[in-house]
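I sat down with this model to look up a few things in turn and to write down what each lookup gave. The entries are kept in the order in which I made them.

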Amino acid sequence: MENAAVIVAAGRGLRAGLALPKQYATLAGEPVLRRTLRAFLDTPEIDAIRVVIHPDDRALYDAAAAGLGLPDPVPGGATRAESVRHGLESLVAAGPRNVLIHDGARPFVDPATIRAVLAALAHAPAAIPALPVTDTLRRGRDGLSLGAVARDGLYRAQTPQGFHFDAILAAHRAATDGEATDDAALAEAAGLAVALVPGAEDNLKITNPDDLARAERLLAAARLPCVGHGFDVHRFGPGDHVMLCGVRVPHSHGLIGHSDADAGLHAVTDAVLGAIGAGDIGEHFPPSDPRWRGAPSETFLAHALSLAAEAGGRCVHADVTLICERPKIGPHKAAMRARLAAILGLPEARVGVKATTTEGLGFTGRGEGLAAQATATVLLPDLGR
Ligand code: MG
């Protein structure tokens, strides 16, 4: 085997403001660690991946790595160095020539950085990505500056740090003092030359809530808000209630339709489909298909949301207008908004539910049926032209 990666995600430190270990915090709708793992899975030069986790975090890990097809995670040790060693030992049988050791909380590592580190390993036993320090450095104590520190020749080290596997395994096995600051330091202590390759400014490590906010901004900058529109009508018929935006509203009539005839959710579903250019609800759920007889319309919206996710998108907003004389929507608007927000997985502040009559005009005015219009905004990867 040529190249393996050990992703270190065994830390449990809960920094102020983070409810979970940082590698499991949610970033743009997915755990930080999952994004990190995808970066390595998407780099074909990487032949094997071992993730080292804290044994108490197994449920969090299983949720974060679901469907990625990775082998069971490796239990970490008491220190970072011990955790790395466990990860390396798990690879002994596979016998890779090179190994990359990467922080699970650096989700923006890019294939170019990974390849640069691997390329350097053709000439050096160890290589790390690093960026020259550009800010002026000062030493300080108790809020007072004690003078400038020369920054010439100073670098900020990132990961993945790459090594010839046998050499770094031997260094870890021989280490006795427990806690080297990182694997490159351990390699240097073992007499290995460590090459520097250019790091990437965006390859930040998520350590505190500010980092998470910066990471969200980085992702948002690379996404395009796409707005879709939906419109739906259902005719009144016999019944004692209607379903609107997932809420049961008592009424003197029902709505006729193949499913539960929830025009509000149908309009939102079409809006999401429109935002991602994926056709309309009738294509995905043909009225001729008996599977959808009486189906709750949440099923349709959930499917549209999963298609959006497959397209790399995330619905961030929806707005629906219900058009009818009866039933009166006002008393149910708050419940509809809460229900729609829950289905979309959005805060209520990103969801609108409005109602209007048509002043007695047209089919809605005559009470023959009701209509719904909706827009939905989906953040999608910017594919350019
Ligand atoms: Mg419909």
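The entries below go from the whole chain to single sites.

**Entry 1, the whole chain.** I note at the outset that this is a predicted model, and I read every value below as computed from it. I looked up the secondary structure and found 12 helices and 19 strands in the protein chain. For the overall dimensions I took the C-alpha atoms, which fill a box of roughly 85 × 55 × 45 Å along the principal axes. I then checked the radius of gyration, which is 27 Å for the protein chain, where a compact globule of 385 residues would have one near 21 Å.

**Entry 2, surface and contacts.** I looked up burial next, and 48% of the 385 residues of the protein chain count as buried. The chain exposes about 18,400 Å², of which carbon and sulfur atoms supply 53%. I also asked how far along the sequence the contacts reach: among those between residues at least 6 apart, 70% join residues at least 24 apart.

**Entry 3, the magnesium ion.** Which protein atoms are the donors of the magnesium ion? I found Asp232, listed twice through OD, together with His234 through NE2 and His266 through ND1, at 2.2 to 2.8 Å from the ion. Written along the chain, the donors follow the spacing D-x1-H-x31-H. The site links distant parts of the chain, since Asp232 belongs to strand 13 (residues 223–237) and His266 to helix 8 (residues 263–275), with their positions 34 residues apart in the numbering. I looked up the accessibility of these two donors as well: Asp232 counts as buried because its relative accessibility is 17%, and the cut-off for buried is under 20%. His266 is buried too, with a relative accessible area of 7%.

**Entry 4, Ser297.** I moved on to Ser297, which lies in the loop between helix 9 (281–284) and helix 10 (298–310). Is Ser297 buried or exposed? It is buried, with a relative accessible area of 1%. Leaving out residues up to four places away in sequence, I found that Ser297 touches Ser259, Asp260, Ala261, Asp262, Leu265 and His266, and I note that His266 is also one of the donors of the magnesium ion.

**Entry 5, aromatic rings.** The structure holds 3 aromatic pairs. One of them joins Phe285 and Trp292 edge-to-face, at 4.8 Å centre to centre and with 80° between the planes. Another joins Trp292 and Phe300, likewise listed as edge-to-face, at 6.0 Å centre to centre and 80° between the planes. Through these ring pairs Phe285, Trp292 and Phe300 are linked into a cluster. I checked each ring for burial: Phe285 counts as buried at 9% relative accessibility, Trp292 counts as buried at 14%, and Phe300 counts as buried at 3%.

**Entry 6, helix 3.** Which residues of helix 3 (residues 80–89) are buried? I found Ala81, Ser83, Val84, Gly87 and Leu88. They lie on the same side of helix 3, because they cover an arc of only 160° around the axis. I recalled the general rule that an α-helix has 3.6 residues a turn, so residues three or four places apart point the same way. The buried residues of helix 3 pack against strand 1 (3–9), strand 4 (48–53), strand 5 (74–75), strand 6 (98–103), helix 5 (165–174) and helix 6 (183–189).

**Entry 7, Leu344 and Ala150.** I looked up Leu344, which lies in helix 11 (residues 333–344) and is buried, with a relative accessible area of 8%. Apart from residues up to four places away in sequence, Leu344 touches Leu301, Leu305, Cys315, Ala318 and Val351. The C-alpha atoms of Leu344 and His317 are separated by 8.5 Å, while the two residues are 27 residues apart along the chain. I then turned to Ala150, in the loop between strand 9 (144–149) and strand 10 (155–157), and noted that Ala150 counts as exposed because its relative accessibility is 61%. From Ala150 to Arg138 I read 8.5 Å, C-alpha to C-alpha, for a pair 12 residues apart in sequence.

How values were computed. Residues are numbered from 1 along each chain as its sequence is written. This is a predicted model: local features need pLDDT of at least 70, side-chain atom pairs count only at pLDDT 80 or more; totals for chains, interfaces and linings use all residues. Side-chain values use heavy atoms; hydrogens and water are left out. Helices (H or I, at least four residues) and strands (E, at least two) are DSSP runs, numbered from the N terminus. Buried means under 20% relative accessible area, exposed over 50%, partly exposed in between (1.4 Å probe, protein chains only). Donors are N, O and S atoms within 2.8 Å of the metal (3.2 Å for Na, K and Ca); water is not among the atoms, so sites may look incomplete. The arc is that of the directions from the helix axis to the C-beta atoms. Contact means heavy atoms within 4.5 Å. The radius of gyration is taken over C-alpha atoms; the globule rule is 2.2 Å times the number of residues to the power 0.38. Accessible areas come from the Shrake-Rupley method with a 1.4 Å probe; for residues, only the protein chains shown count as cover. Rings of Phe, Tyr and Trp (its six-membered ring) pair if their centres lie within 6.5 Å; planes under 30 degrees apart count as stacked, over 60 as edge-to-face and the rest as tilted.
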